[in-house]
Structures are given as C-alpha cells and as structure tokens.
Amino acid sequence: MEHEVYVPFPAGTVRQALTEPERVARCVPGVQLDADAAPHIPEGRLRLRIGSSTITYRGTLTIAGGASSQEDADLVFEAKGTESRGDGEVALTLAVRLVTATEPAPGTTLACTGALRGDGRLAEATDQAAEAAGRRLLDRFAENLAADLERHPVKAPPQKPSGTASEAPSGEPAGRGIFETEVPPPSLDPGSEMDAGDLEEADDQELDEVDAALDGDLVREAELDDDEDELGEVPAEAAHARRTMIGRSAEEVDHAPPRGRYAPVPPPEVNTASATLRWAAPAAAVVLASAVVVGRVLRRRR
C-alpha cells in the first residue's frame with residue numbers, strides 16, 4: 001500500500017519527531033500504551049476497526065532503520081502484535097520518506113509505503129476494507145502528530161560551532177582551557193621576577209610609613225605638652241592619663257574609665273551598726289557604774 005499525508009511543520013522538525021518511538025506510538029489512533037513500557041520500545045494495545053469488525057492487538061513498535069543523520073534517508077518502522085482474543089498475528093513494515101511541501105501551506109509530506117502480513121481475523125477482511133483502514137489510520141496519525149507537536153515541541157538538537165575559532169589550521173586548539181592558563185607567581189615566591197633592588201625598595205617604603213606614624217604620635221604628644229604649659233600646672237595623674245590615650249582607638253578612649261583627677265569618687269561606707277556600738281558600750285558602762293555607786297551610798301545612810 002502507498003499513501004501520502006501532510007504535516008504542517010518543517011521537514012527537520014517532523015523527522016526529529018518521528019525518531020521518538022514514544023511520540024510516534026501515542027500519535028497512532030486507538031493505541032493505549034503500558035505505563036511500565038520502555039520509552040525506546042513502546043508496548044501497548046491497539047484497537048483497529050476494519051469494515052464492521054474491531055480487532056484488538058497487543059504488541060510493540062520499533063524504529064528499524066533510517067533514523068540516521070542523513071536528511072534524505074527513509075524512516076522505517078516495524079510493528080508486531082497478536083490478537084488479545086485469538087491466535088492471530090500481524091506484522092507491519094512501514095517506510096516513510098519526508099518531502100518538503102508548499103501546498104496547501106508550507107510543511108512536510110509523508111510518503112508512506114507499507115507491507116502487511118497477518119492471519120486470523122485480519123485475513124478474513126477484504127483487500128478494499130484493509131486498504132481503507134490503513135489509509136484512515138495514516139490520515140488520523142498525521143493529524144495527531146501535528147497536534148502533538150503543538151503541545152510538545154521537539155527539542156532543538158545541539159549544533160556544532162561553524163566558525164574556525166575552535167580549531168587551529170594545524171589541528172591544535174586555538175584557545176587554552178582554564179587549567180592551561182599560566183598563573184603569575186606570588187610576590188613572596190622565590191621564583192618571582194622581583195629582584196633584590198625591588199625588595200629593598202618595598203622594605204624602605206614600609207619603614208618610611210612606620211616612621212611617619214611615630215612622628216605623628218610625637219607631634220601629638222608635643223601639642224599636649226604645649227597645652228599643659230598654656231593652662232598652667234596640671235596634676236601628674238591627669239597628664240599621665242592623657243598621654244596614655246595617645247595611640248588608642250576612639251572606641252577604647254570612649255569606653256576607658258577615667259583615672260586620677262577625673263576618676264569617680266566612691267560613696268562613703270555607711271555602717272550604722274558599728275557606729276552605734278562605739279558609743280553604746282561606754283554609755284552602758286557609765287550607767288552601770290553609777291548604779292553601783294548610788295546603791296552603796298544608800299546602804300551607808302541606812
């Protein structure tokens with residue numbers, strides 16, 4: 001049997017879709033795929049109506065050949081199945097050639113050529129009924145394929161770079177990988193390009209910075225001494241506290257407790273119990289002695 005169907009998609013898109021066995025199987029009308037079937041070999045049931053009879057087959061669909069990268073190669077599909085209620089078997093080989101079409105709209109024409117071998121209930125059907133069932137099956141398949149491409153577009157195949165930047169004329173790579181990039185040595189590496197003169201210059205620069213910092217501290221200390229001379233005599237503790245603050249950070253100075261003249265005065269200790277005992281004991285002794293003397297005087301008078 002020979003038959004042609006139309007798909008409103010470019011030939012490259014249709015070819016890539018037809019190389020996916022699972023997509024092809026689900027686009028066949030009347031197919032119910034098994035949930036645990038392998039994606040590259042779809043398995044399931046097919047209900048086929050021929051004339052006034054409906055036959056259910058159980059089988060598999062495979063891409064036998066033509067799934068190469070050549071754009072003009074035919075796609076060959078093979079389907080095998082057995083009757084779910086009988087012993088009849090069927091085998092189909094279908095070759096599909098893709099032709100770019102311009103009518104009725106830009107798309108692709110699938111030129112199908114099929115050979116069918118079967119027995120059982122299929123052999124009882126007439127040739128005209130079998131041919132009509134095959135054409136109807138291919139027409140509905142093309143419609144389902146177009147709808148499936150609308151819902152699930154094919155993924156674009158990875159393309160190789162066409163420029164010459166990736167390859168050198170001599171066959172060597174034009175660029176370097178990240179692991180082949182030279183890393184400059186550190187400044188303290190013995191193999192560094194810095195000579196002894198450069199190192200001495202760097203050391204001198206660091207010493208100059210330290211000297212400048214020390215000179216700044218001395219200048220600040222001299223300014224403090226001048227301030228003391230202008231204000232007059234300053235207590236030694238206060239002067240020492242001001243000098244010790246030189247070089248400290250602002251945070252340390254803010255949180256440092258004041259010392260010397262500006263230190264907080266602790267509150268006097270209040271001990272009422274000991275103060276009471278200091279004058280209560282002598283008073284009690286005096287009262288006791290007075291009572292003894294008065295008692296003796298009264299006894300003598302009597």
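User: Buried means under 20% relative accessible area, exposed means over 50%, and partly exposed lies in between. In this predicted model, what is the relative accessible area of Leu92?
Analyst: Leu92 has its place in strand E6, where Phe77, Glu78, Ala79, Ala115 and Leu116 are in contact with Leu92 once its neighbours within four places in sequence are left aside. Because partly exposed covers what lies between under 20% and over 50%, Leu92 counts as partly exposed, with a relative accessible area of 31%.

User: Which strands pair with E6?
Analyst: On one side of the question stands E5, which pairs with E6 in the antiparallel sense over eight bridges, and these two form a hairpin with five residues between them. A second hairpin, also through five residues, joins E6 to E7, and here the antiparallel pairing runs over twelve bridges. The partners of E6 are therefore E5 and E7.

User: Which residue in E7 is the bridge partner of Thr93?
Analyst: Thr93 lies in E6, and Glu78 stands opposite Thr93. E6 pairs with E7 in the antiparallel sense, and in E7 the bridge partner of Thr93 is Ala115.

User: How far apart in space are Leu92 and Leu61, C-alpha to C-alpha?
Analyst: In sequence, Leu92 and Leu61 are 31 residues apart. For the protein chain as a whole, residues 24 or more positions apart account for 51% of the contacts with a separation of 6 or more. For the pair Leu92 and Leu61, the C-alpha to C-alpha value is 9.5 Å.

User: How far apart are the end C-alpha atoms of helix H3?
Analyst: Helix H3 runs over residues 127-151, which is 25 residues. The expected span is 1.5 Å times one less than the number of residues, so H3 should span 36 Å. The model agrees with this expectation, since the end C-alpha atoms of H3 are apart by 36 Å.

User: Is Asp148 buried or exposed?
Analyst: Asp148 is found in helix H3, and, leaving aside neighbours within four places in sequence, Asp148 is in contact with Arg23, Arg26 and Cys27. The buried residues of H3, among them Ala133, Phe141 and Leu145, are covered by elements including strand E1, helix H1, helix H2 and strand E3. With a relative accessible area of 3%, and because the cut-off is under 20%, Asp148 is buried.

User: Which element gives the most to the largest nonpolar core?
Analyst: The largest nonpolar core has 25 residues, and those with the most contacts inside it include Val7, Val14, Val96 and Leu145. E1, H1, H2, E5, E6, E7 and H3 each supply at least two residues of this core. With six residues, the element that gives the most to this core is H3.

User: How many residues are in the second, separate core?
Analyst: Val96, one of the residues with the most contacts inside the largest nonpolar core, is in contact with Leu18, Phe77 and Leu110, among others outside its neighbours within four places in sequence. The second core is separate and includes Leu48, Ile55, Val90 and Ala133. Its number of residues is seven.

User: What share of the residues in the protein chain is buried?
Analyst: The protein chain has seven helices and seven strands, and it exposes about 22,600 Å², of which carbon and sulfur atoms supply 54%. Of the 302 residues in the protein chain, the share that is buried is 19%.

Terms used
Residues numbered from 1 in each chain as written. Predicted model: local features only at pLDDT ≥ 70, side-chain atom pairs only at ≥ 80, totals over all residues. Heavy atoms only, no water. Helix = DSSP H or I, 4+ residues; strand = E, 2+ residues; numbered from the N terminus. Buried < 20%, exposed > 50% of the residue type's maximum accessible area, 1.4 Å probe, protein only. Contact = heavy atoms within 4.5 Å. Core = buried A, V, L, I, M, F, W, Y, C linked by side-chain atoms within 4.5 Å. Areas by Shrake-Rupley, 256 points an atom, 1.4 Å probe, with all protein chains shown as cover. Pairing = 2+ DSSP bridges.
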